[in-house]
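The exercises below are meant to be worked through slowly, with the sequence and the model side by side. Try each task before reading the solution that follows.

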Amino acid sequence: MAMLEKGSPARETSFASMVNDERYRSVFYQIVAFALIVWCAWFLFTTTSHNLATRGMSSGFDFLGNTAGFAIAWHIIPYEPSDTYGRVYLVGITNTLIVSVVAIFFTTILGFVVGILRLSSNWLIAKLAAWYVEILRNTPLLLQILFWYLAVFSILPRPRDSLNIFGVFELNNRGFYMPSPLPGDLFWVTVLALLVAIVATIALAHHSNRKQASTGQRIPVLWPSLGMIIVLPLLVFIVTGAPLSFDYPVLQGFNFTGGTSVPPAFCSLLIALVVYHSAFIAENVRAGIQSVSHGQTEASYSLGLRPGLTVRLIVIPQAMRAIVPPLISVWMNVVKNSSLAVAIGFPDLVSVFMQTSLNQSGYAIEIVAMVMLFYMTVSLTISAALNVYNKSVQLKER
């Protein structure tokens with residue numbers, strides 16, 4: 001008994017020291033927090049399953065193999081009403097991604113141009129760029145989408161009176177018609193040549209950067225890169241007999257046949273996304289450029305660099321450290337805001353899957369979860385890719 005009584009204070013002291021130790025205390029609280037999260041998730045799952053069973057509602061993802069039974073107005077991948085809900089999900093994803101990727105591409109280019117123009121020494125150009133940013137950034141995106149759809153594309157002429165663009169494109173109130181490519185048997189060789197040219201261009205850029213870091217001299221990259229990317233595939237294309245033809249849209253009856261077309265809803269959504277989000281990128285670019293010390297510009301001028309080279313080689317590379325972090329949010333917002341296409345009837349993922357498919361099948365929880373998973377995956381992918389680039393342009397201490 002004496003030994004136990006003597007040992008008790010020691011055990012109490014040991015327990016008290018563990019409680020007061022920051023290392024053990026932090027681990028303990030993390031275990032408790034994780035246990036609470038697991039319990040909440042399990043409680044929600046069991047409660048939802050019980051409520052569904054009580055109401056006689058089935059759950060699970062077996063419905064993805066059922067026949068959808070409805071048509072989709074526009075789709076990139078083949079689809080028929082006899083296809084399954086799983087196919088509808090893929091069609092929605094494809095339509096959402098195609099409009100988002102194209103919008104991100106043009107949004108970035110237009111945003112950079114407008115952001116640079118905002119800092120122009122020309123008063124008129126700078127003011128026009130500022131009005132562009134202030135007006136479009138402070139107008140709701142949904143209102144802009146409706147404007148382009150109802151006030152622009154809906155009042156275009158009929159197919160018989162289509163607006164001919166460059167002799168190959170047609171624009172009317174039914175959509176934008178363009179030639180569709182028909183690659184021949186040897187066209188893959190041209191594609192391979194293009195890939196080789198791109199790899200060679202990247203290798204040349206890395207070699208030029210290494211040479212500049214070691215010797216201070218920079219090998220010209222722009223014109224050799226353009227030469228490789230354009231000339232090499234063009235030569236291969238000609239040598240292989242130009243294995244590429246085009247199917248042009250032709251007016252037959254009341255509409256065009258042949259070629260490829262996109263509906264007015266796609267055009268309206270694309271323009272609205274580009275115009276709206278480019279205003280945000282323009283402000284990011286302006287702020288990033290102004291974050292670069294003016295002494296950098298004066299030093300480049302003293303070395304004899306022209307203003308264009310100064311912006312491209314001195315200012316923009318340093319400004320990218322401040323531009324990329326907010327650019328991540330803008331790109332993610334482009335993808336997420338594309339869901340507003342439901343307002344004008346564009347068959348994106350929300351329209352064809354979270355509305356039509358949900359109303360027909362009744363699997364609300366599963367469908368909403370799948371749509372959330374898609375947007376979360378795209379957002380995390382964009383964030384991870386740009387974070388890798390952002391890390392590569394950050395200053396590194398030696």
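**Exercise 1. Finding a hairpin and its loop**

Task: Which residue in β2 stands opposite N164, and which stands opposite I165?

Solution. The model to be examined is a predicted one. Begin with N164, which stands opposite E170 in β2. Then move to I165, whose opposite number in β2 is F169. These positions belong to the pairing of β1 with β2 (residues 169-172), which runs in the antiparallel sense over 3 bridges.

Next, look at how the chain passes from one strand to the other. The hairpin of β1 and β2 has 3 residues between the strands, and F166 there takes a positive phi near 60°. A positive value is worth marking here, as F166 is a residue other than glycine. Finally, consider the surface: F166 has a relative accessibility of 75%, and a residue over 50% counts as exposed, so F166 is classed as exposed.

**Exercise 2. Extending the hairpin to a sheet**

Task: In what order do the 4 strands of the open sheet lie?

Solution. Start from E170 again, and look for its bridge partner in β3, which is Y177. β2 and β3 pair in the antiparallel sense over 3 bridges, and the hairpin that joins β2 to β3 does so through 2 residues.

With these pairings in hand, the whole sheet can be read off: it is open, its order is β1-β2-β3-β8, and its pairing is antiparallel. The edge strands are β1 (163-165) and β8 (260-262), each of which pairs on one side only. Neighbouring strands of this sheet are turned by 20° against each other on average, with direction ignored.

**Exercise 3. Classifying aromatic pairs**

Task: What kind of aromatic pair do Y177 and F256 make, and what kind do F246 and Y248 make?

Solution. A search of the whole structure finds 14 aromatic pairs, and two examples can be taken in turn. For Y177 and F256, the ring centres are 5.1 Å apart and the planes stand at 40°. Planes under 30 degrees apart would count as stacked and planes over 60 as edge-to-face, so this pair, which falls into neither group, is tilted. Now place the two residues in the chain: Y177 lies in strand β3 (residues 175-178) and F256 in strand β7 (residues 255-257), so the pair ties together parts that are 79 residues apart in sequence. Both Y177 and F256 are buried.

For F246 and Y248, the distance is 6.4 Å centre to centre and the angle between the planes is 50°, and this pair is tilted as well. Their surroundings can be judged from accessibility: F246, at 42%, counts as partly exposed, and Y248, with a relative accessible area of 43%, is also partly exposed.

Aromatic residues can also gather in a cluster, and one such cluster is formed by F63, Y85 and Y363.

**Exercise 4. A second loop with a positive phi**

Task: Where does A242 lie, and what sign does its phi have?

Solution. First locate A242, which lies in the loop between α7 (222-239) and β5 (244-247). Then read its backbone angle: phi is positive, at about 50°, although A242 is not a glycine. Last, check the accessibility of A242, which is 37% and therefore counts as partly exposed.

**Exercise 5. Describing a pocket**

Task: Which residues line the second largest pocket, and how do they divide by character?

Solution. The idea behind the search is that rolling a probe the size of a water molecule over the atoms shows where empty space is left. In the second largest pocket, that space comes to about 360 Å³. The lining consists of I116, L119, S120, I289, V292, S293, H294, T297, Y301, T310, V311 and V315. The elements that give two or more residues to this lining are α9 (294-302) and α10 (307-337). Sorting the lining residues by character then gives 7 nonpolar, 5 polar and no charged.

**Exercise 6. A contact across the sequence**

Task: How far apart are the C-alpha atoms of I98 and F266?

Solution. I98 is found in helix α3 (residues 85-117), and with a relative accessible area of 32% it is partly exposed. I98 and F266 are 168 residues apart along the chain, and their C-alpha atoms are separated by 9.9 Å.

Conventions:
Residues numbered from 1 in each chain as written. Predicted model: local features only at pLDDT ≥ 70, side-chain atom pairs only at ≥ 80, totals over all residues. Heavy atoms only, no water. 1 Å grid on protein atoms, 1.4 Å probe; cavity = no way out; pocket = protein on both sides within 12 Å on 5 of 7 lines; lining within 4 Å. Points joined across faces, edges and corners; volume = space filled by probe spheres on them. Nonpolar A, V, L, I, M, F, W, Y, C, P; charged D, E, K, R; others polar. Pairing = 2+ DSSP bridges. Axes fitted to C-alpha atoms, helices over the stretch in contact; angles between N-to-C directions. Phe/Tyr/Trp six-rings, centres within 6.5 Å; stacked < 30°, edge-to-face > 60°. Buried < 20%, exposed > 50% of the residue type's maximum accessible area, 1.4 Å probe, protein only.
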